[in-house]
Amino acid sequence: MLAKRWPIAVSAIVVIISLGWLVARYGNDSSVSDAAEPSLEKAAVANPLTDPLYADSLGEIAAKANPENISDIVSADRGDSWACASCHGGQGQGAGSVPRLAGLPAGYITKQLHDYADGRRLNDNMQHVVSSLSDEDMAALGAYYSRLEAPGDTQPQLGGNIERGRTLALEGDWAIDVPACFSCHGSSGWGVGQSFPSLAGQHSSYTYIQLANWNNGKRNNSPIQLMRDIAQKLSDSDMRSVADFMATLSPPQTLGITRTSDDGSRTEVEIP
Amino acid sequence: MTDKTPYRERSATRRLVYGGLGAVIFFGIGSLIYDFGLFSWMTGTRTVLSESEQHLKTATQARRQLEEERTARRDNPDAPAPAQPTGEAGYFVPPGDEELPDGPFGESVERGREIFRNTGTNAGEFVGNDLSCANCHLDTGKRENSAPMWAAAIQYPAFRGKNQMVNTMEDRVNGCFTYSMNAQDSEHGDAPPPGHQVYKDLQSYFYWLADGAALNEDLPGRGYPSVEETDQGYDWQRGQQVFTDNCAACHGIDGQGQQDLNGRTIFPPLWGPGSYNWGAGMHRINTAAGFIQANMPLGKPNSLTDQEAWDVAAYINSFPRPADPRQTDKMDVSTADERFHEGSINYYGDTLHGVLLGEGITQERWERFLRTAPFHEPGVD
């Protein structure tokens, strides 16, 4: 009897493995592998009184931080942790699904580091890396990367509709209650204040994955849940389109420090 | 049948191999169908439209139908009058860019749209603060329940109680410059003079947006919705918490808004010298509550309760802002209150935060106010 039935058992196992493979391959829109549950409890615990302005207060701290002390963290592997630059690049330029950090607001970067540390933003690699950072390190890293300069090198890579992306960025799609990206992220997508990071010149894979994570609840840490509400109204092709459009733009000029011209000369950049 | 022969043993192995091979082949075909999105093609079902695509489809059809009905009527005077183009959510559908006419009128429409979108840049000499038309009329004046221009354009000329006379659209726009954009502090010192090109371009834009709407029709989505009065009434002190939780991330804890690296105002100031003055419609707490509930925070319309909308509108309008330009040098605030602010819901003429509201802003007064303001900078205790 057993001999007769073992093919059935084997087939059943094959079917289960195949289904598992299918879910792994197609079950998640994004290509990120950290499969942690959305941290809804954490969001509820976060203090609603201070949360909308968290990046602003961290920005003030970062403005006083000394980026000199963190060069080891940026560029040298430490024990069981690794250097920022090993993934984000020597100029903070990022690549693929690793974000460009150069020129992002100091308060925004610092807040993300705190959010990883406190479980409000989930990513296995980042949560591991920040576990050894002090508050001072985080503020200094925010200050460092906000002032760093990196050329724009991004290309649209997701096959999105660039024109649709442009419309979403400049006009929004009010039929689905989506305002223009630039109505909060600045008139050229270069960011506003400490809470609204630049989008222009960001890698399309990164932007897309963040939108997808907000859409499916995996990322949950934007002020007053603004990005969750917006991403949940976007279709998958809209997310690809807008991520691709952002990658066609130039990243922000750095904030008030030197920039290198093509001929190698360095000039002070005046920010009004 | 309980008897097993060697042949049957071999057969089981072979069946398993064949079965396995078949499964692999079917699995491969299935993967390919999924990867190339052929399932809907095979079953003959159409791809489901996203919500956005469904809205766009309905809107496009509505505009096309208007065009067809107009053509039919040109050919046959007995054909019925064209219906107003209506979208998925029941609101009027203004024309899209593809309907923008060539020639001087189309150019005027486009200029008007740019003035509307970015007033400080494109009509800067008449703007005395950091606001643009599109700050209060969202989606460049196309958004329903955000005082859309397609609804306003078909309502004027009309008599208005505010100034006791018949107002044309030019008069209304003049009022926007005078009060909402505080033209008294602009380079020109006043709203654009009568007949100025700014009016022509803006009116061209409004008229074009209203293409297909019937004159004097009370279109759904017109103006700002009214928020029902609550049992508790409105209270700026309750509104402070609503503001911190919902508004401060963009407009700042001090309500002074934020600019981007280009120096462009991205989040407009809600009070103080860079905001609308005491003559603007938005200083009325009920008007502001309606706008806020239907439109704010951006991307989260109708997320505030009636009570929260009233309270936060009261909070925003409890602070100093530029004087009502109708209050001339010889007129004190209480007289202006009686003449211009009677019967409207506002704090004009009240003394709040140690300031007589309505007396206007001088540098000295503003600095004095900031020292005692009930909000404080983030991170500073």
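A salt bridge is taken here as a side-chain nitrogen of Lys or Arg within 4 Å of a carboxyl oxygen of Asp or Glu. I apply that term to a predicted model.

**Entry 1. Salt bridges**

I searched the whole structure, over all chains, and the search returned 24 salt bridges. I then looked up several pairs one by one.

I began with A:D238, which pairs with A:R164; their closest N and O atoms are 2.8 Å apart. I noted that this pair links distant parts of the chain, 74 residues apart: A:D238 belongs to helix α13 (residues 236-247) of chain A, and A:R164 to helix α9 (residues 162-170) of chain A. Is A:D238 buried or exposed? I record A:D238 as buried, because its relative accessibility is 4% and the cut-off for buried is under 20%.

I turned next to B:R143 and A:D177, whose side chains meet in a salt bridge at 2.7 Å, N to O. This pair crosses between chains: B:R143 sits in the loop between α7 (138-141) and α8 of chain B, while A:D177 sits in the loop between β1 (172-173) and β2 (178-179) of chain A. I compared the two partners for exposure. B:R143 has a relative accessible area of 7% and is therefore buried. A:D177 stands at 25% relative accessibility, so I list A:D177 as partly exposed.

The third pair I looked up is B:R222 with B:D218, where the closest N and O atoms are 3.4 Å apart. B:R222 is partly exposed because its relative accessible area is 38%. B:D218 has a relative accessible area of 58%, so I enter B:D218 as exposed. I also noted a network in chain A: A:K111, A:D115, A:D118 and A:R120 are joined by salt bridges that share partners.

As background, I wrote down that side chains of opposite charge can pair when their charged atoms come close.

**Entry 2. The cavity**

How many cavities of 30 Å³ or more does the structure hold? I found one. The volume of the largest cavity is about 40 Å³.

I then asked which residues line the largest cavity. From chain A, I listed A:W174, A:D177 and A:P179. From chain B, I listed B:L138, B:R143, B:A294, B:N295, B:L298, B:G299 and B:P301. Sorted by class, this lining has six nonpolar, two polar and two charged residues. I recognised B:R143 and A:D177 in the lining, the two residues I had already entered as a salt bridge.

**Entry 3. A nonpolar patch on chain B**

I looked at the surface and found a nonpolar patch of about 610 Å², made by B:L32, B:F36, B:L38, B:W41 and B:M42. I followed B:L32 further and placed B:L32 in helix α1 (residues 6-35) of chain B. B:L32 is partly exposed because its relative accessibility is 48%, a value that falls between the limits of 20% and 50%.

**Entry 4. Backbone: cis peptide bonds**

I checked the peptide bonds and noted a cis bond between B:Y156 and B:P157, with omega of about 10°. B:P157 is in the loop between α8 (149-152) and β1 (158-160) of chain B.

I noted another cis peptide bond, joining B:M296 and B:P297, with omega of about -15°. B:P297 is in the loop between α13 (285-295) and α14 (306-316) of chain B.

**Entry 5. Backbone: positive phi**

I looked up A:I224, which is not a glycine and yet has a positive phi of about 40°. A:I224 lies in the loop between α11 (204-216) and α12 (226-231) of chain A. Its relative accessibility is 17%, so A:I224 counts as buried.

B:N182, also a residue other than glycine, has a positive phi near 45°. I located B:N182 in the loop between α9 (169-180) and α10 (197-209) of chain B. B:N182 is buried because its relative accessibility is 0%.

**Entry 6. A contact along chain B**

Where does B:P269 lie? I placed B:P269 in the loop between β4 (265-267) and α13 of chain B. At 3% relative accessibility, B:P269 is therefore entered as buried. I last noted that B:P269 and B:H251 are 18 residues apart along the chain, with their C-alpha atoms separated by 6.6 Å.

Key. Residues are numbered from 1 along each chain as its sequence is written. Chains are lettered from A and ligands numbered from 1 in the order in which they are written. This is a predicted model: local features need pLDDT of at least 70, side-chain atom pairs count only at pLDDT 80 or more; totals for chains, interfaces and linings use all residues. Side-chain values use heavy atoms; hydrogens and water are left out. On a 1 Å grid over the protein atoms alone, a cavity is a set of points where a 1.4 Å probe fits but cannot get out, and a pocket is an open set with protein on both sides within 12 Å along at least five of seven lines; lining residues have an atom within 4 Å of a point. Grid points are joined across faces, edges and corners, and a volume is the space filled by probe spheres set on the points. Ala, Val, Leu, Ile, Met, Phe, Trp, Tyr, Cys and Pro count as nonpolar, Asp, Glu, Lys and Arg as charged, and the others, Gly among them, as polar. Patches are made of residues with over 30% relative accessible area and no salt bridge: like charges are joined within 9 Å, nonpolar side chains (Val, Leu, Ile, Met, Phe, Trp, Tyr) within 5 Å. Accessible areas come from the Shrake-Rupley method with a 1.4 Å probe; for residues, only the protein chains shown count as cover. Helices (H or I, at least four residues) and strands (E, at least two) are DSSP runs, numbered from the N terminus. Buried means under 20% relative accessible area, exposed over 50%, partly exposed in between (1.4 Å probe, protein chains only).
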